[in-house]
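Colleague: Please take me through this model, beginning with its overall dimensions and then moving to its details.

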Amino acid sequence: MTHETYLLDRSKLADSHTLEVARADGAYGALQKVFESSMSPESVVGEVKKSGLRGRGGAGFPTGLKWSFMPNHETDSRTRYMAVNADESEPGTCKDRILMREDPHCLIEGCLIAAFAMRLDAVYIYVRGEYRLPYDRMQAALDEARAAGIIGDNILGSGYSCEIHMHKGAGAYICGEETGLMESLEGKRGHPRPKPPFPAGFGLWGQPTTVNNVESIFNVPFILARGADWFRTMGTETSPGNFLCGISGHVERPGVYEVPLGISARTILEDLAGGIWKGRSLKAWFPGGSSTGVLPADMLDTPMDHDSVKAAGSMFGTGAMIILDETASVVRSALILARFYEHESCGQCSQCREGTEWQEQIINRMLSGQGKSGDVELLVDLSKGMFPGKTICALSDAAAIPVLAAIKHFRGEFEACISSPEEILA
Amino acid sequence: MALTDALKAEFDNLCTKYPHRRAGLIPALHRCQEELGGWISPEIITDCAEYFKLEPVEVYSVASFYPMFFLSPIGQHVVSVCRNISCDLRGACEITSAATEHTGAACGESSKDGRFYLEEVECQGACTNAPMMVVDGKYYEDLEPADVARILGEIQ
């Protein structure tokens, strides 16, 4: 299978993280083009809108449209910020760490183009605290770029100035939620804020702010260098471009693969990841991280794009496929994820704080041979009570959806825990 | 005072990145934990509160929210084994068992000799290289159970 690639091309070069290698490979060429062709900030936003780029952090919101929500600079003179969400912590997802580690200058270039387009004063890159090497690589790249006149005052002689700063989180999944991220960046507990107000109106320190995922921003230099029309030659009409698919679990060759949106999940699993490990067969798969509903093996021909995965009853999410072979227990997977969401709930909303704990307790007793008649129904009722729109943020939804999907497709496995507990314990 | 002049000078510089000083608190707590004994002591809480012009309870509230901060003394080397789904599917339980066997510590506890602290953690973002563990901040990926004793044995 061959297709055009761009996201990971530079990272295959030796020392791709250094300014020298990156520049020789064309880094900052798109930024230079924006300055030299005298593009207006509005026309940069227009090009990103035209490209149809959708956010790669999980929600799939159109990036250009999000940028256009920033208030008019002529009528709103407040300081303007972007926070790059590098808090990558959705189970199954490990693409942004590769981009930051191997090609930090492309992310910096994307930040600067976004900053020019939205007339930003500063950009903060919020990296999860555990990502030491990606953080250090980003910081070293920023220092190199600053020394070369690419960041700070009068960037590349354009007259435009912008600062980019690194910021280190401390290990909390909820800080990947955009308002939790902003609270955390301000030095507080990562408690999501009620919306509205939305970040474009009231973001970091109450100022206009846009929050974008690393991979979303990483696409921007390519769109500006090669054009929105080129970008649309890859992917689908409603989900253009390539994405990084991390495929993990029971496969022969787990890895992060660059593929066009709309490629079938089967092609990724069988052609790129070498199929199910140990000659076994597929039982179930998560299409886009742990918060997306698990799907059965017979849906493996689903195209991997936002609309198609939604039509299949799940979500594209971060595009991180997690694969379970025929020997895996879907109930155990549900327990591991319930335990995760219980651990990560920030505790502000009762539906989430209590709901995730109860989910974990019920599934745990089912797997311990202590399940009670009616527990499956109870789990369904409980999970349905946790969403949608009942809490400040979507963590509660993210905890409820995988449990409901697991019961929908594998109800028999849950019921067997109660009817034949001796088999579970064996 | 726990906070050294060198750290304070570092924080002065750190805080210039932000329009409000408080934003430097979490990065500063990381540096305190790294430099001042591996955990956030009550003295660090008090000193950071003074430095950031906050109440000690506000600093405690932040420090206690984030899993990377330890609020009690722990073993010298922190061993964190990922227990989330991608790692679990590829044998994280055996990695945890091997780490328990080598260190003699149960999860969430320090070894008797104080050399190791062992914990299970949620997803560390290395899912395509599962199973994995983190030792003193360094990632060890694509692990086999037998790797654990070798890696921990090489820690000085």
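Modeller: The radius of gyration is taken here over C-alpha atoms, and the globule rule sets the expected value at 2.2 Å times the number of residues to the power 0.38. The model discussed is a predicted one.

Colleague: What radius of gyration does chain A have, set against that of a compact globule?

Modeller: The C-alpha atoms of chain A occupy a box of roughly 75 × 45 × 35 Å along the principal axes. For 426 residues, the rule gives a compact globule a radius of gyration near 22 Å. The value for chain A agrees with this expectation, being 22 Å.

Colleague: What percentage of the residues in chain A is buried?

Modeller: Chain A contains 17 helices and 9 strands. Of its contacts with a separation of 6 or more, 70% are between residues 24 or more positions apart. A residue counts as buried if 20 or more other C-beta atoms lie within 10 Å of its own. Among the 426 residues of chain A, the buried share is 55%.

Colleague: How many residues does domain 3 of chain A bring to its contact with domain 1?

Modeller: The assignment splits chain A into domain 1 (10-231), domain 2 (260-325) and domain 3 (330-425). Between domain 1 and domain 3 of chain A, the C-alpha centres are 36 Å apart. Domain 1 of chain A gives 10 residues to the contact, and domain 3 of chain A gives 7 residues.

Colleague: What is the make-up of the side of domain 1 of chain A that touches domain 3 of chain A?

Modeller: The residues on this side of domain 1 of chain A fall into three classes. They divide into 6 nonpolar, 3 polar and 1 charged.

Colleague: Why do the buried residues of α2(A) lie on the same side of the helix?

Modeller: Helix α2 of chain A spans residues 29-36, and its buried residues include A:A30, A:L31 and A:V34. They share one side of α2(A) because the arc they cover around the axis is only 105°.

Colleague: What covers the buried residues of α2(A)?

Modeller: After α2(A) comes A:S38, which has a positive phi near 55°. The cover over the buried residues of α2(A) includes, from chain A, α3 (41-51), α6 (104-117) and α9 (214-226).

Colleague: Which are the edge strands of the open sheet in chain A?

Modeller: Five strands build this open sheet of chain A, in the order β6-β5-β9-β7-β8 and with mixed pairing. An edge strand pairs on one side only, and in chain A this applies to β6 (255-260) and β8 (295-296).

Colleague: Which residue is the bridge partner of A:G249 in β9(A)?

Modeller: Strand β5 (residues 242-249) of chain A runs parallel to strand β9 (residues 321-325) of chain A, with 3 bridges between them. Within β9(A), A:I322 is the residue opposite A:S248. The partner of A:G249 in β9(A) is A:I323.

Colleague: Which residue of β9(A) stands opposite A:A284?

Modeller: Strand β7 (residues 282-286) of chain A is antiparallel to β9(A), and 4 bridges join them. β9(A) is largely enclosed by the rest of the structure, because 4 of its 5 residues are buried. Opposite A:A284 in β9(A) stands A:L324.

Colleague: How far apart do the C-alpha centres of domain 1 and domain 2 of chain B lie?

Modeller: Chain B has 7 helices and 5 strands, and its C-alpha atoms fill a box of roughly 50 × 35 × 25 Å along the principal axes. Of its 156 residues, 44% are buried. Its domains are assigned as domain 1 (5-63) and domain 2 (77-153). Their C-alpha centres are separated by 29 Å.

Colleague: Into which classes do the residues on the side of chain B that touches chain A divide?

Modeller: Chain A puts 47 residues into the contact, and chain B puts in 32 residues. In chain B, the elements that each supply at least two of these residues include α2 (25-35), α4 (56-63) and α5 (85-89). The side of chain B that touches chain A has 18 nonpolar, 10 polar and 4 charged.

Colleague: What does B:E94 count as, given its C-beta neighbours?

Modeller: B:E94 lies in helix α6 (residues 92-103) of chain B. From B:E94 to B:L143 there are 49 residues in sequence and 10.0 Å in space, C-alpha to C-alpha. Since B:E94 has 15 C-beta neighbours inside 10 Å, it counts as partly exposed.

Conventions: Residues numbered from 1 in each chain as written. Chains lettered and ligands numbered in written order. Predicted model: local features only at pLDDT ≥ 70, side-chain atom pairs only at ≥ 80, totals over all residues. Buried ≥ 20, exposed ≤ 12 C-beta atoms within 10 Å, placed from the backbone. Helix = DSSP H or I, 4+ residues; strand = E, 2+ residues; numbered from the N terminus. Arc of directions from axis to C-beta. Contact = placed C-beta atoms within 7 Å. Nonpolar A, V, L, I, M, F, W, Y, C, P; charged D, E, K, R; others polar. Domains from an automatic or database assignment. Pairing = 2+ DSSP bridges.
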